[in-house]
Amino acid sequence: MPGIVEIKDLCKTYRRGTQTILVLDGISFDIEMGEFLALMGPSGSGKTTLLNLIAGIDRPDTGSIIVGGVDISGLSESELASWRAFNVGFIFQFYNLIPVLTAFENVELPLLLSGLSRRERRLHVEAALRLVNLADRMDHYPGELSGGQEQRVAIARAIVTDPTILVADEPTGDLDKVSAGEVLDLMERLNRELGKTVIMVTHDPRAAAKAHLIRNLEKGVLT
Amino acid sequence: MIPLSYNLRNLWTRRLTTFLTAGGMALVVFVFVSILMLSEGLRKTLVETGSYENLVLIRKGSESEVQSGVERDQAAIIESRPEIAIGADGKSLVAKEMVVLISLPKRGTNKQSNVVIRGIGAGSLPLRPQVKLVEGRMPRFGSSEIIAGSRIAEKFEGAGPGESLRFGMRDWRVVGVFDAGNTGFSSEIWGDADQLMQAFRRQAYSSVIFKMRDPGEFERIKEEMESEPRLTLEALRETRYYEEQSEMMAKFLRILGISLTVIFSLGAIIGAIITMYAAVANRTAEIGTLRALGFPRRSILWAFLAESLLIGLVGGIAGLFFASFLQFFTISTMNFQTFSELAFNFSLTLPIAWRAILFSLIMGFIGGVLPAFRAARMNIVAALRSS
Amino acid sequence: MFTLKLLFKNAFRHKLRAVLTIMSIVIALVAFGLLRTVINAWYAGVEASSATRLVTRNAISLIFPLPLSYKEKIRQVEGVTDVSYGNWFGGIYIDEKNFFANYAVEPESYFRLYPEIIIPPGEKAAFLRDRKGFAAGRKLVAKYGWKLGDTVTLKGTIFPGEWDFVMRAVYRGRDETVDESAFMFHWDYLNETMKKTIPRRADQVGFYMIGVERPDIAAGVALAIDSMFKNSLAETLTETEKAFQLAFIAMSEAILIAIQLVSLVVIVIIMAVAANTMSMNVRERMGEYAVFKTLGFGGWRIGGLILGESLLIAFIGCALGIALTFPVAGAFGKALGQYFPIFNVNTRIFSLYAAASLVVGVIAAIIPAWRVMKLPIASGLRRLG
């Protein structure tokens with residue numbers, strides 16, 4: 001069965017000044033639907049790059065990426081943008097919530113790109129916030145929330161459009177032990193109960209432990 | 001699209017910067033609007049000073065009544081013209097007037113200013129429906145009585161009702177005050193032409209004014225009078241005559257005003273550019289996030305442009321608001337062309353208000369467009385990396 | 001010098017922002033300089049006044065003449081060294097747009113009273129000989145390309161008719177306060193013509209210029225002259241040349257005050273924006289400064305660096321502002337040439353530029369520098385993330 005994500009012969013180089021660095025060297029692999037994958041590897045190994053490519057916020061030099069049956073390497077810039085809106089949920093290390101918007105408004109953001117009415121959006125946002133157990137904080141600003149709470153809002157934002165995949169880049173990197181545990185439990189629940197495909201880049205062995213599958217990326221090569 | 005509340009709240013979060021930038025624009029708009037209001041006030045004053053149906057005759061080559069001289073016999077020839085309209089009382093609507101400038105001290109200070117003294121005839125008042133006696137009475141012909149325009153009565157020593165002025169070796173009693181609204185007449189003193197001519201030892205009038213029976217005949221009348229060999233006169237519509245009087249001042253105000261506005265607006269725009277670039281730089285991670293979430297480039301572009309336009313709009317409204325208070329002030333200064341005292345208001349009109357807002361939006365646009373493009377064209381990965 | 005290089009590199013880290021900040025300072029300074037130059041130009045006549053010259057005019061107003069017969073009486077007044085006279089002619093050269101001062105004077109006495117008008121002796125003699133001749137300032141001559149011997153026609157406004165003059169002399173000013181765009185011709189030519197055309201206007205003088213022995217007796221002489229003609233048909237008003245010029249300016253005072261006020265306020269705002277920008281830079285680099293502190297750099301030293309950067313930007317703006325003031329003022333002077341025959345940039349304003357730049361630089365740096373000096377290292381480092 002074809003995976004939800006199919007990667008073939010992916011190559012990506014970066015230019016740093018006059019040097020050209022080969023970050024990904026012809027990688028091919030598949031990710032199954034409902035998978036909880038952890039990508040690990042040393043600093044600079046290209047794991048974040050790979051994640052960015054899968055999430056559609058970067059373009060490969062050569063190779064193809066097919067997500068949910070769509071070849072995203074062939075999409076134009078604006079097509080890619082609207083594809084992301086409904087197919088990818090992002091969870092960042094530093095949460096990246098908009099500081100001037102409330103928790104509710106932050107979660108609502110991706111829905112503004114859909115054609116939903118105000119009332120419909122409200123329903124989805126409240127549902128998402130209930131899922132992450134922060135329904136009582138929806139009118140708070142990020143500055144009024146703890147790190148763990150901010151990350152949970154970010155997760156709510158990531159799932160509010162019911163995306164095909166969830167990508168997380170060091171989601172516990174900035175959290176204390178307790179909050180990290182809560183966030184990981186949440187992600188695991190989303191994967192188990194709602195069948196969300198999660199692709200996580202991490203250094204944290206505890207985070208990796210929650211995943212079903214761990215793959216290592218070293219010098220642009222997957223093991 | 002990104003909601004407006006995002007922009008508004010961002011502007012509020014960096015209040016100091018927002019207000020400083022908007023303040024710069026407000027000031028530019030203030031200067032811009034003041035100049036426009038001043039020019040409009042000047043124009044209104046002088047244009048309304050004349051009537052479209054009146055014709056003014058002055059000596060050829062002279063630029064104003066003060067320089068002009070119309071001999072008595074020439075005046076008599078004009079008075080006999082058939083094109084002069086007849087008034088309600090059956091008399092011809094024509095007046096022979098003499099205009100001089102005298103130096104009078106202002107109330108409260110020792111500063112002197114040149115004031116127009118107009119020697120009038122019986123037909124002078126009917127020719128000028130804008131002029132209304134508001135206090136006292138008209139001067140008796142053959143006496144040393146005078147009436148003062150409201151602005152002169154107010155501002156000059158000895159020109160108020162009941163007071164008297166001394167010139168031409170005589171005392172002249174002010175028996176009335178007249179108001180001519182915003183027109184130049186409010187800055188004049190009127191008295192009997194013959195009496196004044198005696199006092200100043202003038203043999204000639206300065207001008208002859210009459211109302212045309214048919215204002216459409218102006219061209220023809222002008223041609224005839226100017227080619228009449230016994231006269232050496234120039235004919236102008238009264239409105240045009242007064243318009244010309246302000247041209248030098250209007251031009252001066254315009255040049256000074258526009259250059260100041262341009263220079264200052266450059267400053268304000270640069271302030272806006274700096275502010276917006278800083279905003280973009282500060283919110284790089286946000287921009288990356290929004291793009292990652294799927295917002296298209298143009299929504300980012302529009303968001304930052306909107307913020308800049310908002311700053312411009314706030315500045316524009318503030319500048320306009322404060323400038324509108326200028327309407328309470330009267331400028332009293334010397335008209336460069338005629339050397340005489342001229343008082344006029346700041347006049348705010350709807351077109352001026354629209355121009356002000358448009359101008360502030362343009363400033364906001366220019367200030368924001370480059371930073372907005374930079375924000376929109378950011379590479380997502382690079383932007384996210386900066387968090 | 002290492003420090004200067006360091007300051008430079010830091011200041012221009014964000015090239016665009018640095019350039020924009022400098023530009024806004026330049027604009028504020030140039031605008032300020034321009035407005036001051038306009039105000040100076042307004043007072044140009046005052047600058048050119050002499051403390052030993054008086055002006056006598058008809059007490060009623062400038063448009064009324066004085067009899068020629070007054071000349072001898074004025075000459076007799078104690079303290080008077082010389083008397084000249086003239087009339088404002090106000091003629092038009094081709095078009096009203098070509099405005100320049102033109103007047104009739106009694107030439108020999110006039111040149112004696114105005115030694116700052118310098119004419120080559122040969123030309124002066126030629127001018128004095130030819131009653132229809134005129135002498136013009138070199139700026140005026142350059143503008144219209146007139147040559148000695150050319151005939152120039154002015155259209156009379158106060159004195160009607162077409163008047164022909166022949167150029168006999170070009171004058172230059174002894175210093176830059178003299179109006180080199182003026183046009184002078186023989187009073188006799190005007191008078192003789194009036195005798196023929198409008199006799200009742202002959203032998204009438206617009207103003208008398210009077211030279212006195214010493215400045216301290218000027219006021220007394222003025223009073224003496226005026227009391228001599230009190231209660232006559234043409235009462236006089238005599239004042240020092242400076243007072244005469246000031247009285248003129250006072251009539252347009254409202255506009256002058258408005259210009260000064262506006263300029264001050266706008267410039268303050270633009271400077272405030274610049275200061276805010278510069279302090280933004282510092283705020284963003286708090287983390288870096290914390291690192292410097294851990295490396296052992298003292299608070300004062302870092303504060304000094306911040307101030308130095310700020311002043312560097314401010315003074316680059318100042319230098320460029322000074323450089324740009326000349327061309328901008330030049331263009332402005334051309335556009336408003338008919339209102340301001342003398343439009344010179346007074347270099348004293350540049351010290352004001354420097355002062356303003358200093359103020360901006362200091363204000364921009366002072367609070368951020370203070371914060372950095374007081375900054376506990378740990379909180380600063382936290383900002384580095």
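**Entry 1: the two domains of chain C**

I began with the place where the domains of chain C meet, and in this predicted model I found five residues of domain 1 of chain C in contact with eight residues of domain 2 of chain C. On the domain 1 side of that contact I noted three nonpolar residues, two polar residues and no charged ones. Looking up the bounds, I read that domain 1 of chain C is made of two segments, 2–44 and 252–382, while domain 2 of chain C covers 60–234. I then took the distance between the C-alpha centres of these two domains of chain C, which comes to 48 Å.

**Entry 2: chain C as a whole**

For chain C I counted 15 helices and 12 strands. Its radius of gyration is 30 Å, well over the 21 Å that the globule rule gives for 385 residues, so I wrote chain C down as more spread out than a compact globule. Along the principal axes, I noted that the C-alpha trace of chain C spans about 95 × 45 × 35 Å. Of the 385 residues in chain C, 41% are buried. Among contacts in chain C with a separation of 6 or more, I found that 81% are between residues 24 or more positions apart.

**Entry 3: strand 12 of chain C**

Which strand is joined to strand 12 of chain C, and by how many bridges? I found strand 1 of chain C, residues 53–58, running antiparallel to strand 12 of chain C and joined to it by five bridges. Within strand 12 of chain C, C:E239 is the residue that stands opposite C:V55. I also checked burial here: four of the five residues of strand 12 of chain C (236–240) are buried, so this strand is largely enclosed by the rest of the structure.

**Entry 4: chain B against chain C**

Turning to the contact between chains B and C, I counted 46 residues of chain B and 41 residues of chain C. The elements of chain B that give two or more residues to this side are helix 2 (15–49), strand 2 (94–105), strand 3 (112–120), helix 9 (247–282) and strand 11 (330–334). Of the side of chain B that touches chain C, helix 9 of chain B supplies the largest share, with 13 residues. When I sorted that side of chain B by class, I obtained 22 nonpolar, 19 polar and five charged residues.

**Entry 5: chain B as a whole**

I counted 13 helices and 12 strands in chain B. With 387 residues, chain B has a radius of gyration of 29 Å, well over the 21 Å of the globule rule, so I entered chain B too as more spread out than a compact globule. The box that its C-alpha atoms fill, taken along the principal axes, is roughly 95 × 50 × 35 Å. Buried residues make up 54% of chain B. Of the contacts in chain B between residues at least 6 apart in sequence, I noted that 83% join residues at least 24 apart.

**Entry 6: chain B against chain A, and helix 10**

For the contact between chains B and A, I listed 17 residues from chain B and 18 residues from chain A. Helix 1 (4–13), helix 10 (284–293) and helix 13 (380–385) of chain B are the elements that give two or more residues to the side of chain B that touches chain A. Which element gives the largest share of that side? I found helix 10 of chain B, with five residues. By class, the side of chain B that touches chain A holds 10 nonpolar, five polar and two charged residues.

I then looked at helix 10 of chain B by itself and found it mostly covered, with eight of its 10 residues buried, among them B:E286, B:R291 and B:L293. Its buried residues pack against helix 2 (77–87) and strand 6 (88–91) of chain A, and also against helix 11 (297–324), helix 12 (350–376) and helix 13 of chain B. Just after helix 10 of chain B, I noted a positive phi of about 115 degrees at B:G294.

**Entry 7: the sheet of chain A**

In chain A I traced an open, antiparallel sheet of four strands in the order 2-1-4-5. Strand 2 (19–31) and strand 5 (70–71) of chain A stand at the edges with a single partner strand each, so one side of each is left without a neighbour in the sheet. Strand 5 of chain A pairs with strand 4 (62–67) of chain A over two bridges, and I noted A:D71 as the bridge partner of A:I66. Helix 1 (47–55) of chain A packs on this sheet and touches strand 1 (5–16), strand 2 and strand 4 of chain A; I recorded about 120 degrees between the directions of helix 1 and strand 1 of chain A.

Terms used. Residues are numbered from 1 along each chain as its sequence is written. Chains are lettered from A and ligands numbered from 1 in the order in which they are written. This is a predicted model: local features need pLDDT of at least 70, side-chain atom pairs count only at pLDDT 80 or more; totals for chains, interfaces and linings use all residues. Two residues are in contact if their C-beta atoms, placed from the backbone, lie within 7 Å. Ala, Val, Leu, Ile, Met, Phe, Trp, Tyr, Cys and Pro count as nonpolar, Asp, Glu, Lys and Arg as charged, and the others, Gly among them, as polar. The radius of gyration is taken over C-alpha atoms; the globule rule is 2.2 Å times the number of residues to the power 0.38. A residue is buried if 20 or more other C-beta atoms lie within 10 Å of its own, exposed if 12 or fewer, and partly exposed in between; C-beta atoms are placed from the backbone. Two strands pair if DSSP finds at least two bridges between them. Axes are lines fitted to C-alpha atoms, for helices over the stretch in contact, and angles run from 0 to 180 degrees between N-to-C directions. Domain bounds come from an automatic or database domain assignment.
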